[in-house]
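User: Hey, I'm new to this one and could use a quick tour. Can you pull it up?

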Amino acid sequence: MYEYFLGQVTDVTPGFVVIEVNGIGYKVLTANPYRYQVGQTAVKMYIHQAVSDNGMSLFGFFDADEKALFEKLLGVSGIGPKSALAILANNDHAGLIQAINQENATYLTSFPGVGKKTAQQIVLDLKGKLNDLNVDVTGQTALDVNAPAVDGALADALAALEALGYSKADVKKVTKKLETFSQAQAADTNTLLSEGLRLLMKK
């Protein structure tokens, strides 16, 4: 029904952002809410609408190719919207496509909600079918987040990791490293979330 929204970001939380379009605030689930800032105007957010027994949800993406990748993941048996979003949270979409093409199931099982069987199904369904996407990791940070580090940035990043489906135990394992990283880099939430995802992919 929706292709994209063009509006102002009015709220950012660990699990979603609110974008206001013509006076209406839409709750949109995104892979990394902290790519956005409260008050950003003229934000173009591509939208996928999902309808389930529990109601309707909106998922937001940086560009049309990210949305297309999400929808291709949804076409895989065993992958729901939450799992697809968690997979997209990792900035390295080119690496994801490479892993699928190289049948690297081990890489794929590092995402929350993706077991060995589902990883094999992703390879079976999508190998060689994603090369037409214009995937570039630079697109993940094209919306600059220039806010200085503030108290609570680390807490927000940890909450966002849990919102993506990572267990409290897994998040706890990388917390100390993120604390050290935060102190050394004076990092904002967006940077801390990206670093947390990198660490979780390595565990």
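Analyst: Here is a short walk through charged pairs, a helix, the core and the domains.

User: Before we start, what kind of model is it?

Analyst: It's a predicted model, where local features need pLDDT of at least 70 and side-chain atom pairs count only at pLDDT 80 or more, while totals for chains, interfaces and linings use all residues. Residues are numbered from 1 along each chain as its sequence is written, and side-chain values use heavy atoms, with hydrogens and water left out.

User: Ok, how many salt bridges does the structure hold?

Analyst: The structure holds 7. A salt bridge here is a side-chain nitrogen of Lys or Arg within 4 Å of a carboxyl oxygen of Asp or Glu.

User: Why would such side chains pair at all?

Analyst: Side chains of opposite charge can pair when their charged atoms come close.

User: Give me one. What does Glu 66 pair with?

Analyst: Glu 66 forms a salt bridge with Arg 35, and their closest N and O atoms are 3.3 Å apart. This pair links distant parts of the chain, since Glu 66 is in helix α1 (residues 64-74) and Arg 35 is in the loop between β3 (24-30) and β4 (43-52), 31 residues apart. The helices (H or I, at least four residues) and strands (E, at least two) are DSSP runs, numbered from the N terminus.

User: Are Glu 66 and Arg 35 buried or exposed?

Analyst: Glu 66 is buried at 4% relative accessible area, and Arg 35 is buried at 3%. Buried means under 20% relative accessible area, exposed over 50%, and partly exposed in between (1.4 Å probe, protein chains only).

User: And where do Asp 170 and Lys 173 lie?

Analyst: Both lie in helix α7 (residues 168-185), 3 residues apart, about one turn of the helix. Their side chains meet in a salt bridge at 3.9 Å, N to O. Asp 170 is buried, with a relative accessible area of 16%, whereas Lys 173 is exposed at 61%.

User: What about Arg 198 and Glu 195, how far apart are they along the helix?

Analyst: They sit 3 residues apart in helix α8 (residues 189-202), so about one helical turn separates them. Their side chains form a salt bridge at 2.7 Å, N to O. Arg 198 is partly exposed at 39%, while Glu 195 is buried at 14%. Glu 195 also touches Leu 178 and Phe 181, leaving aside residues up to four places away in sequence; contact means heavy atoms within 4.5 Å.

User: Back to α1. Which of its residues are buried?

Analyst: In α1, Glu 66, Lys 67, Leu 69, Phe 70 and Leu 73 are buried. They're on the same side of α1 because they cover an arc of only 160° around the axis. That arc is taken from the directions from the helix axis to the C-beta atoms.

User: What covers those buried residues?

Analyst: The cover includes β4, β5 (55-61), α2 (81-89), α3 (93-101) and α5 (116-126). At the N-terminal end of α1, Asp 63 acts as a cap, with a side-chain oxygen 3.3 Å from the backbone nitrogen of Asp 65. A polar contact is a pair of N or O atoms within 3.5 Å; within protein, one must be able to donate a hydrogen and the other to accept it, and residues adjacent in sequence count only if both atoms are side-chain atoms.

User: New topic: which residues touch the most other members of the largest nonpolar core?

Analyst: Val 28 and Ile 122 do, out of 61 residues in that core. A nonpolar core is a set of buried Ala, Val, Leu, Ile, Met, Phe, Trp, Tyr and Cys residues joined through side-chain atoms within 4.5 Å. Not counting residues up to four places away in sequence, Val 28 touches several residues, including Phe 5, Phe 16, Met 45 and Leu 58.

User: What domains does the assignment give?

Analyst: It gives domain 1 (2-59), domain 2 (62-124) and domain 3 (151-199), with bounds from an automatic or database domain assignment. The centres of domain 2 and domain 3, taken over C-alpha atoms, are 22 Å apart. Across that pair, 9 residues of domain 2 are in contact with 6 residues of domain 3.

User: Last one, where is Ala 157?

Analyst: Ala 157 is in helix α6 (residues 153-163) and is buried, at 0% relative accessible area. Ala 157 touches Thr 189, Leu 192 and Leu 193, not counting residues up to four places away in sequence.
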